[in-house]
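Work through the exercises below with the sequence and the structure open. Each task is followed by a solution in steps.

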Amino acid sequence: MERNERYAFPIDDALEMILMFDQRGVITCANTAVRTKLGYGPEICGTHISSVFPGEFKPAGEDGIAGIVSDISLHSFMAYRKNLTCFPVEARFIKEEDSDICICMMNDLLEKDFLNKKIEQMEQEIQQASKVKSEFVANVTHELRTPVNGILGNVRELLDLETDERKLRSLNLMERCCEDMHKLINNILDFSKLDAGKFVLDPQKFNLRETLDYIKANHVNRITEKGLEFFMTVSPQIPEFVVGDELRIVQILNNVLSNAQKFTTVGKISMEVLPTAVMDDNVELFFIIVDTGIGIDKADQDKLFKSFSQVDASISRRYGGTGLGLNICKQLVELMGGNIGIESAKNKGTTVSFSIWVQLPEEEKAVMAARELPLPTVRRDDEEEQKAAELKEYGTETNRDELKKNLSKLILCVEMENWEKAEMFMESIRQLTESAPREVSMLVLRLKMAVQKENYEKISVNLDSLRALIESEEN
């Protein structure tokens, strides 16, 4: 009894089931957990271990203990209650040195199995809810296309018939809004498909060089209209024809170039395309897009490729967008076996680079095998970074020159009543004066409000005041 009393306090409070028995198999001590689970009272002491584990131990008086007790590994047994019902347990046996007492520690696997099944059921319910959500989003976005297409079709018909300038401006605005709505719907639809794992690429043979020319033609006017320079360099080693998903490659490039245009006020945007690896009948294409835009702090760059995420709320308010575009690009690039990354610094521009793998048609394999792969050439050097920084720093010579150019373009747009372009140049002026003194910032704000309201008189007054203030600071 002395030995049993030594164990009584610590084992009785244990959550684990613990019992002790001697070398004959007679139970000498059992904690509260054992008595509760097995339905015994104090009478369990004196009972043979075979009454708890009849399948593993022989009845009292027979030799059947030594083999199991000498093995300290975990055993999966069926433990029998007093009422002869049973449940699974995980048990370990320990033999005390210099003693005839064996200790059995066991855990109820019935509760564990029950909890595992509960967790599995909850996971299935979560997956089902996610599937229902994705299907709902896909259906809703698909249905949204019908009314938007109806509005867009009618607006375009009216554009061909209308002659009144004021009504034409309203119709053009409606057309642009419908096109923006289309982009949002397509982004949400693509995201829901990718999220549900239902997105499938459609590889077809196409002329890569013609596709790149199309992308350039699609962006060059909008970029140069902002007063930016646009350069595209396509390596001579690029194959003419490849097999890949042309639509999705165009989608990725359109998104990255649109972002570069959206966030760049002054300077230039450049793009380079080159092959970087050939593996059997596959070629890796590498794309580098460099801009001199607002840039992104290193700490915020990890947000760019996350769903519904932008650097901060002001970005969404000022520039629009859902924060889905780059997340979709990342997933599309990864589906094509590539990677996408970004290098950027605040007010020093951004470099987005990504790679994708495409197949080579038969006629291109021998040609590519004989070509030496080039190295990238489009990169922002220290001089360009310095120039980009000077453009944003109010009061520098570069900043003043660019500000004057944009003010002249704004005046021309106002005179021609091209309010859409006037707002675009107004945004450039706002960015160029972000670090300006309060007096300049307030004038720019009043000028922006006048442009938005198309108030010619107030625009003229604020423009004259702003130009006079800039000239006085220069002198």
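**Exercise 1. Decide whether L84 is buried or exposed, and state what its backbone does.**

Solution. The model is a predicted one, and this applies to every value below.
Step 1. Locate the residue: L84 sits in the loop that links β3 (75-80) and β4 (86-95).
Step 2. Apply the cut-off: exposed means over 50% relative accessible area. L84 has 67% relative accessibility, so it counts as exposed.
Step 3. Check the backbone: phi of L84 is positive, about 70 degrees, although the residue is not a glycine. For background, most residues other than glycine have a negative phi.

**Exercise 2. Treat E454 in the same manner: find its place, its exposure and its phi.**

Solution.
Step 1. E454 belongs to the loop between α14 (438-452) and α15 (456-474).
Step 2. The relative accessibility of E454 is 32%, so the residue is classed as partly exposed.
Step 3. E454 is not a glycine, yet its phi is positive at about 55 degrees.

**Exercise 3. Find which residues take a positive phi in the hairpin of β1 and β2 and in the hairpin of β9 and β10.**

Solution.
Step 1. Strands β1 (residues 17-21) and β2 (residues 27-30) run antiparallel and are joined by three bridges. Within this pairing, M20 has C29 of β2 as its bridge partner.
Step 2. Five residues lie between β1 and β2, and G25 in this hairpin has a positive phi near 95 degrees.
Step 3. Strand β9 (residues 268-279) pairs with β10 in the antiparallel sense over 10 bridges. M279 is opposite N282 in β10.
Step 4. The hairpin of β9 and β10 has two residues between the strands, and D280 takes a positive phi near 55 degrees.

**Exercise 4. Follow strand β10 to its other partner, β12, and state how much of β10 is buried.**

Solution.
Step 1. β10 and β12 (residues 350-359) are antiparallel and share 10 bridges.
Step 2. One of these bridges can be picked out by its residues: L285 is partnered by I356 in β12.
Step 3. β10 (residues 282-291) is mostly covered, with nine of its 10 residues buried.

**Exercise 5. Test whether the end-to-end distance of helix α7 agrees with its number of residues.**

Solution.
Step 1. α7 covers residues 246-262, which is 17 residues.
Step 2. The expected span uses 1.5 Å times one less than the number of residues. For α7 this gives 24 Å.
Step 3. The end C-alpha atoms of α7 are 24 Å apart, which agrees.
Step 4. As for burial, α7 is mostly covered, since 13 of its 17 residues are buried.

**Exercise 6. Explain why C102 forms no disulfide, and state how many disulfides the model has.**

Solution.
Step 1. The cut-off for a disulfide is two cysteine sulfur atoms within 2.5 Å.
Step 2. The cysteine sulfur closest to that of C102 is in C104, 9.7 Å away, so it is too far for a bond.
Step 3. The count for the model is zero disulfides.
Step 4. Burial can be read separately: C102 is buried at 2% relative accessible area, and C413 is buried at 8%.

**Exercise 7. Describe the lining of the second largest pocket, and state which helix supplies the largest share.**

Solution.
Step 1. The second largest pocket holds about 430 Å³ of space.
Step 2. Its lining has 16 residues, and R169, N172, E417, W419 and E420 lie nearest the centre.
Step 3. Sorted by type, the lining has eight charged, four polar and four nonpolar residues.
Step 4. α5 (165-195) and α13 (419-432) each give at least two residues to this lining. The largest share, eight residues, is from α5.

**Exercise 8. For L189 and K421, find the helix, the exposure, and a residue far along the chain that is separated by a stated distance in space.**

Solution.
Step 1. L189 is in helix α5; K421 is in helix α13.
Step 2. L189 has a relative accessible area of 8% and is buried, whereas K421, with 28%, is partly exposed.
Step 3. N139 is 50 residues from L189 along the chain, and their C-alpha atoms are 8.6 Å apart.
Step 4. K226 is 195 residues from K421 in sequence, with 8.3 Å between the C-alpha atoms.

Technical notes:
Residues numbered from 1 in each chain as written. Predicted model: local features only at pLDDT ≥ 70, side-chain atom pairs only at ≥ 80, totals over all residues. Heavy atoms only, no water. 1 Å grid on protein atoms, 1.4 Å probe; cavity = no way out; pocket = protein on both sides within 12 Å on 5 of 7 lines; lining within 4 Å. Points joined across faces, edges and corners; volume = space filled by probe spheres on them. Helix = DSSP H or I, 4+ residues; strand = E, 2+ residues; numbered from the N terminus. Nonpolar A, V, L, I, M, F, W, Y, C, P; charged D, E, K, R; others polar. Pairing = 2+ DSSP bridges. Buried < 20%, exposed > 50% of the residue type's maximum accessible area, 1.4 Å probe, protein only.
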